[in-house]
Amino acid sequence: MIEVTDSWAPTTPPNAPTAAIYLQIENGTAEDDRLVDVAIDRCEAIELHTTDIDEDRIMRMRLAGAAALTIPAGGSLEMAPAGLHVMCVGLDAPFRAGEILALDIILESGTSFEIATPVENR
């Protein structure tokens, strides 16, 4: 069984054009799977990003490759601040504390499911 064990999104400032969403996906199966998309009606587009620190110690985001999005058999995929994350581009309104976002998670295996993601500051 594959399940999301933790998901959350931080609040955003007024007029923010983007927002981050974090989650952890546990893979209790004997087969690797891969996160291929996340859908949410609050965003014009979704990008799956990694965050790296370059040789000048500057933090930069880039699109995540397939290897970074693999959920290993018996393991997990963690999306957390300063690391792998879902980037909501073209945010329709600020994320406010206490809201619950509906996300659709889509995996390479064809598995998809909806999760309820709270907006909170951790």
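This passage walks through the strand pairing, the nonpolar core, the disulfide and the aromatic pair of a predicted model.

A good place to begin is the open sheet of four strands, whose order is β6-β3-β9-β10 and whose pairing is antiparallel. Strands β6 (70–71) and β10 stand at the edges, where each has a single partner strand, so one side of each is left without a neighbour in the sheet. Strand β9 spans residues 100–107 and strand β10 residues 112–118; seven bridges join these two antiparallel strands. Among the residues involved, Asp104 has Glu114 as its bridge partner in β10. The two strands form a hairpin with four residues between them. Within this turn sits Gly110, with a positive phi of about 100°.

Moving across the sheet, strands β3 and β9 pair in the antiparallel sense over four bridges. Here Leu35 stands opposite Leu107 in β9, while Val38 finds its bridge partner in Ile105, also of β9. Strand β3 is joined to β6 as well, by two bridges, and these strands run antiparallel. On that side, the bridge partner of Arg34 is Thr70 in β6.

Some of these strand residues reappear in the interior of the model. The largest nonpolar core has 28 residues. Which residues have the most contacts inside it? They are Ile25, Leu35, Phe95 and Ile105. Leu35 and Ile105 have thus already been met in the sheet, Leu35 opposite Leu107 and Ile105 as the bridge partner of Val38. The elements giving two or more residues to the core are β1, β2, β3, β8 and β9. Phe95 deserves a look of its own: leaving aside residues up to four places away in sequence, Phe95 touches Ala9, Pro10, Thr11, Thr12, Ala19, Ala20, Ile21, Arg42, Cys88, Leu101 and Val119.

One of those contacts, Cys88, leads on to the disulfide. The structure holds one such bond, formed by Cys43 and Cys88 with their sulfur atoms 1.8 Å apart. The torsion about this S-S bond is about -110°, so the disulfide is left-handed. Cys43 lies in the loop between β3 (33–39) and β4 (45–53), and Cys88 in strand β8 (residues 85–89), so the pair ties together parts that are 45 residues apart in sequence. Are these cysteines buried or exposed? Both Cys43 and Cys88 are buried.

A further link between separate parts of the chain comes from aromatic side chains. Searching the whole structure gives one aromatic pair. The ring centres of Trp8 and Tyr22 lie 4.9 Å apart with the planes at 40°, so the pair is tilted; this angle falls between the limits of 30 degrees for stacked and 60 for edge-to-face rings. The pair connects distant parts of the chain, with Trp8 in strand β1 (residues 2–8) and Tyr22 in strand β2 (residues 18–27), 14 residues apart. Trp8 has a relative accessibility of 10% and therefore counts as buried. Tyr22, at 10% relative accessibility, likewise counts as buried, because the cut-off for burial is under 20%.

Key:
Residues are numbered from 1 along each chain as its sequence is written. This is a predicted model: local features need pLDDT of at least 70, side-chain atom pairs count only at pLDDT 80 or more; totals for chains, interfaces and linings use all residues. Side-chain values use heavy atoms; hydrogens and water are left out. Rings of Phe, Tyr and Trp (its six-membered ring) pair if their centres lie within 6.5 Å; planes under 30 degrees apart count as stacked, over 60 as edge-to-face and the rest as tilted. Buried means under 20% relative accessible area, exposed over 50%, partly exposed in between (1.4 Å probe, protein chains only). A disulfide is a pair of cysteine sulfur atoms within 2.5 Å. Two strands pair if DSSP finds at least two bridges between them. A nonpolar core is a set of buried Ala, Val, Leu, Ile, Met, Phe, Trp, Tyr and Cys residues joined through side-chain atoms within 4.5 Å. Contact means heavy atoms within 4.5 Å.
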